[in-house]
Amino acid sequence: MILSGRHSQSLAADLAARLDDPLAPVAFDRFPDGEVMASIGDVTPTGGERAVVVASTPTSDAHIELLQLQDAAREAGFEQVVTVIPYLGYARQDESFEPGEPVSARAVARAISTGADHILTIDPHETDVCDFFEPSATAVSAAGRLAEPLPDDLADPLFLSPDAGATGLAETVNEAVGSGTVDYFEKTRHSGTEVDVSPSDASVEGRDVVVVDDIIATGSTMSQAVEILHGGGANRVFVTCVHPLLAANAVTKLSRAGVDGIYGTDTIERPHSAVSAAPVIADALEERF
Ligand code: R5P
């Protein structure tokens, strides 16, 4: 049975259809004091069943709801709980960067681990966060899916990552498209919203450029990249990512920079979620758990 988190309802429904599994009648409520309540309805496992909780955690409440869904599954009598976290929030705080800071990714991973037998996540910011879970989480990539919504008339495409760390994602999209070259920018982050992106050496004159990253959060990184690429004479500039967080005014920033298209998967369900990660998750569940 598939148990959907608040932020993964379409993805969970898609997954249930692909796996031919029932979809639990989950409900989400909020008490007058602000506390959240995620419940799974009157479901009774008939024996040997596993519950698959599918819940991205882009908000703090979503983390609590995920823990509640896991607990409700145990309470209902499911023998096995597999937790799929398409987008793992707090994963970018994977170390204590300043004295006194927590390793938030470790804190949430420990809490989630107490209620799950297996954990699967998609393109975490750093794969090492999987080791914070007990047992270690499995990470799979949905980057190959990002080729699907791109225009099929890309001219001499260049696939760029905004920093060296995301080059693998750009290479994956390049391979899935089947033509073009790959390069990367140099990025320096000054704060949560301030970044400096330095141009790559690749010539962009007259080319269609696809900038690929794991997350678009505030859109600062991508909007700078788009401006630089248009300044360098690029033809069209598309941005694509696995996790389209698109917080605050990210879409406005990108639009003002002159972006020609914004694409992401449904690990975070947004209007720009142009392709589903469900096939990747379905394959991983069938092959590994
Ligand atoms: C960080 O290194 C990530 O890969 C993304 O580049 C980052 O999260 C994007 O953040 P923003 O959209 O706020 O610039």
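Which element provides the largest share of the shell around the ligand? That element is β12, which gives three residues to the shell. The structure is a predicted model, and this briefing describes the ligand and its surroundings, the largest pocket, the largest cavity, and two backbone features in one loop. The ligand sits in the largest pocket, so the account begins there, as a molecule is said to sit in a pocket if more than half of its atoms lie within 2 Å of the pocket's grid points.

**The ligand and its shell**

- There are 14 residues around the ligand, and those that come nearest are Lys 187, Asp 213, Asp 214, Thr 218 and Thr 221.
- By class, six residues of this shell are charged, five are polar and three are nonpolar.
- Three residues in a row in the sequence offer N or O atoms to oxygen atoms of the ligand, namely Ala 217, Thr 218 and Gly 219.
- For Ala 217, a backbone N or O atom lies 2.8 Å from a ligand oxygen atom.
- Thr 218 takes part through its side chain, where an N or O atom is 2.5 Å from an oxygen atom of the ligand.
- Gly 219 has a backbone N or O atom that lies 2.8 Å from an oxygen atom of the ligand.
- On its own the ligand has 370 Å² of accessible area, and the protein covers 93% of this area.
- Two or more residues of the shell come from each of β10 (186-189), β12 (209-215) and α5 (220-231).

**The largest pocket**

- The largest pocket, in which the ligand sits, holds about 1200 Å³ of space.
- Its lining consists of 40 residues, and Arg 92, His 125, Arg 189, Asp 214 and Ile 215 lie nearest the centre of the pocket.
- The lining of the largest pocket divides into 16 nonpolar, 14 polar and 10 charged residues.
- At least two lining residues are supplied by each of β7 (138-140), α4 (167-177), β10, β12 and α5.

**The largest cavity**

- How many cavities of 30 Å³ or more does a search of the whole structure find? The search finds one.
- The volume of the largest cavity is about 50 Å³.
- Residues that line the largest cavity include Pro 86, Tyr 87, Leu 88 and Ala 91, together with the run Thr 121, Ile 122, Asp 123, Pro 124 and His 125.
- Ile 215 and His 243 also belong to the lining of the largest cavity.
- Seven residues of this lining are nonpolar, three are polar and one is charged.

**Backbone features in the loop between β6 and β7**

- Most residues other than glycine have a negative phi, and most peptide bonds are trans.
- Asp 123, which is not a glycine, has a positive phi of about 35°.
- Asp 123 is placed in the loop between β6 and β7, and it is also among the residues that line the largest cavity.
- The peptide bond from Glu 134 to Pro 135 is cis, with omega near 0°.
- Pro 135 is likewise found in the loop between β6 (118-122) and β7.

Key:
Residues numbered from 1 in each chain as written. Predicted model: local features only at pLDDT ≥ 70, side-chain atom pairs only at ≥ 80, totals over all residues. Heavy atoms only, no water. 1 Å grid on protein atoms, 1.4 Å probe; cavity = no way out; pocket = protein on both sides within 12 Å on 5 of 7 lines; lining within 4 Å. Points joined across faces, edges and corners; volume = space filled by probe spheres on them. Nonpolar A, V, L, I, M, F, W, Y, C, P; charged D, E, K, R; others polar. Near = heavy atom within 4 Å. Polar contact = N/O pair within 3.5 Å; in protein donor to acceptor, adjacent residues only side chain to side chain. Areas by Shrake-Rupley, 256 points an atom, 1.4 Å probe, with all protein chains shown as cover. Helix = DSSP H or I, 4+ residues; strand = E, 2+ residues; numbered from the N terminus.
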